[in-house]
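Work through the exercises below with the sequence and the 3D view open. Try each task before reading its solution.

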Amino acid sequence: MVTEFETLKIGQVAFNSGLPVKTIRYYGDLGLLSPHLSRNASGYRLFTPSVINRLNFIRRAQSLGLNLKQIKEILTVHDEGKIPCGMIKQLLVDKLENIKHQIEELNILQIELKGILSGWQDFSSQESLKKSICPNIINH
């Protein structure tokens, strides 16, 4: 069992988190793992065991639609010793509103596509091509 005072190499972190080494390096380069990442004299990345919880949080936040910039802001608040739950809630509320808007736009697009397809005609004359690339799309 690893204690909080021991460090993990990137391969161990990858194994324990289920994330590829490349992803962990990328998160480290973005500063998402800062308090849990150091380097030894040879330049190898060393992590505290609590980095696994941080990686799990990053993965879950991404699955909820948050981007890495937002996640970094959340982690910065956390690293300052503050609880970022209010911030996370607002980001999720905003995300939900955005999804509702996207659904409305997709419903409108669906109706438009059904309308176009219901009146679809096959144009075979070259005369039709002179007027439009595809008259079915222009005429609606």
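The exercises that follow deal with a predicted model.

**Exercise 1. The length of a helix**

Task: Check whether the end-to-end distance of helix α5 agrees with its number of residues.

Solution: Start with the residue count. Helix α5 covers residues 85-118, which is 34 residues. The expected span is 1.5 Å times one less than the number of residues. For α5 this gives 50 Å. Now take the distance between the end C-alpha atoms, which is 49 Å. The two values agree.

Repeat the check for α4. This helix has twelve residues, so it should span 16 Å at 1.5 Å a residue. Its end C-alpha atoms are 16 Å apart, in agreement with the expected value.

**Exercise 2. What the helices cover**

Task: Find which residues of α5 and α4 are buried, and what packs against them.

Solution: A residue is called buried if its relative accessible area is under 20%. In α5 the residues that meet this condition are I88, L91 and I116. Their cover includes α3 (51-63), α4 (68-79) and α7 (135-138).

Turn to α4. Here L68, I71, I74, L75 and V77 are buried. These buried residues pack against α2, α3 and α5.

**Exercise 3. A nonpolar patch**

Task: Locate the nonpolar patch on the surface and say which element gives the most to it.

Solution: First list the members. The patch is formed by L106, L109, L113, L117, W120, I137 and I138. Together they have about 720 Å² of accessible area. Next, assign residues to elements. Two or more residues come from each of α5 and α7. The element that gives the most is α5, with four residues.

Take one member as an example. L106 lies in helix α5. Its relative accessibility is 55%, so L106 counts as exposed, the cut-off for exposed being over 50%.

**Exercise 4. The sheet**

Task: Give the order of the strands in the sheet, and state which strands stand at the edges.

Solution: Strands of a sheet pair through backbone hydrogen bonds, either parallel or antiparallel. In this model three strands form an open sheet with the order β1-β3-β2, and the pairing is antiparallel. The edge strands are β1 (8-9) and β2 (37-39). Each has a single partner strand, so one side of each has no neighbour in the sheet.

Look at one pair in detail. β1 pairs with strand β3 (residues 45-47) over two bridges, in the antiparallel sense. In this pair, K9 stands opposite L46 in β3.

L46 can also be used to compare distance in sequence with distance in space. E6 and L46 are 40 residues apart in sequence, while their C-alpha atoms are 9.4 Å apart. E6 belongs to the segment before β1. At 37% relative accessibility, E6 counts as partly exposed.

**Exercise 5. Salt bridges**

Task: Of the four salt bridges in the structure, examine the one between D29 and R45, the one between R54 and D79, and the one between E80 and K82.

Solution: Begin with D29 and R45, whose closest N and O atoms are 3.3 Å apart. The pair links distant parts of the chain: D29 is in helix α2 (residues 21-30) and R45 in strand β3, 16 residues apart. D29 has a relative accessible area of 58% and is exposed. R45, at 16%, is buried.

Continue with R54 and D79, where the N to O distance is 2.7 Å. R54 lies in helix α3 and D79 in helix α4, so this pair ties together parts 25 residues apart in sequence. R54 has 5% relative accessibility and counts as buried. D79, at 37%, counts as partly exposed.

Finish with E80 and K82. Their closest N and O atoms are 3.5 Å apart. At 51% relative accessibility, E80 counts as exposed.

**Exercise 6. The surroundings of a glycine**

Task: Decide whether G28 is buried or exposed, and find what G28 touches.

Solution: Locate the residue first: G28 is in helix α2. Its relative accessible area is 16%, so G28 is buried. Leaving out residues up to four places away in sequence, G28 touches L33 and L37.

As a last step, choose a residue farther along the chain. G28 and Q70 are 42 residues apart in sequence, and their C-alpha atoms are 16 Å apart in space.

Notes:
Residues are numbered from 1 along each chain as its sequence is written. This is a predicted model: local features need pLDDT of at least 70, side-chain atom pairs count only at pLDDT 80 or more; totals for chains, interfaces and linings use all residues. Side-chain values use heavy atoms; hydrogens and water are left out. Buried means under 20% relative accessible area, exposed over 50%, partly exposed in between (1.4 Å probe, protein chains only). Contact means heavy atoms within 4.5 Å. Patches are made of residues with over 30% relative accessible area and no salt bridge: like charges are joined within 9 Å, nonpolar side chains (Val, Leu, Ile, Met, Phe, Trp, Tyr) within 5 Å. Accessible areas come from the Shrake-Rupley method with a 1.4 Å probe; for residues, only the protein chains shown count as cover. A salt bridge is a side-chain nitrogen of Lys or Arg within 4 Å of a carboxyl oxygen of Asp or Glu. Two strands pair if DSSP finds at least two bridges between them.
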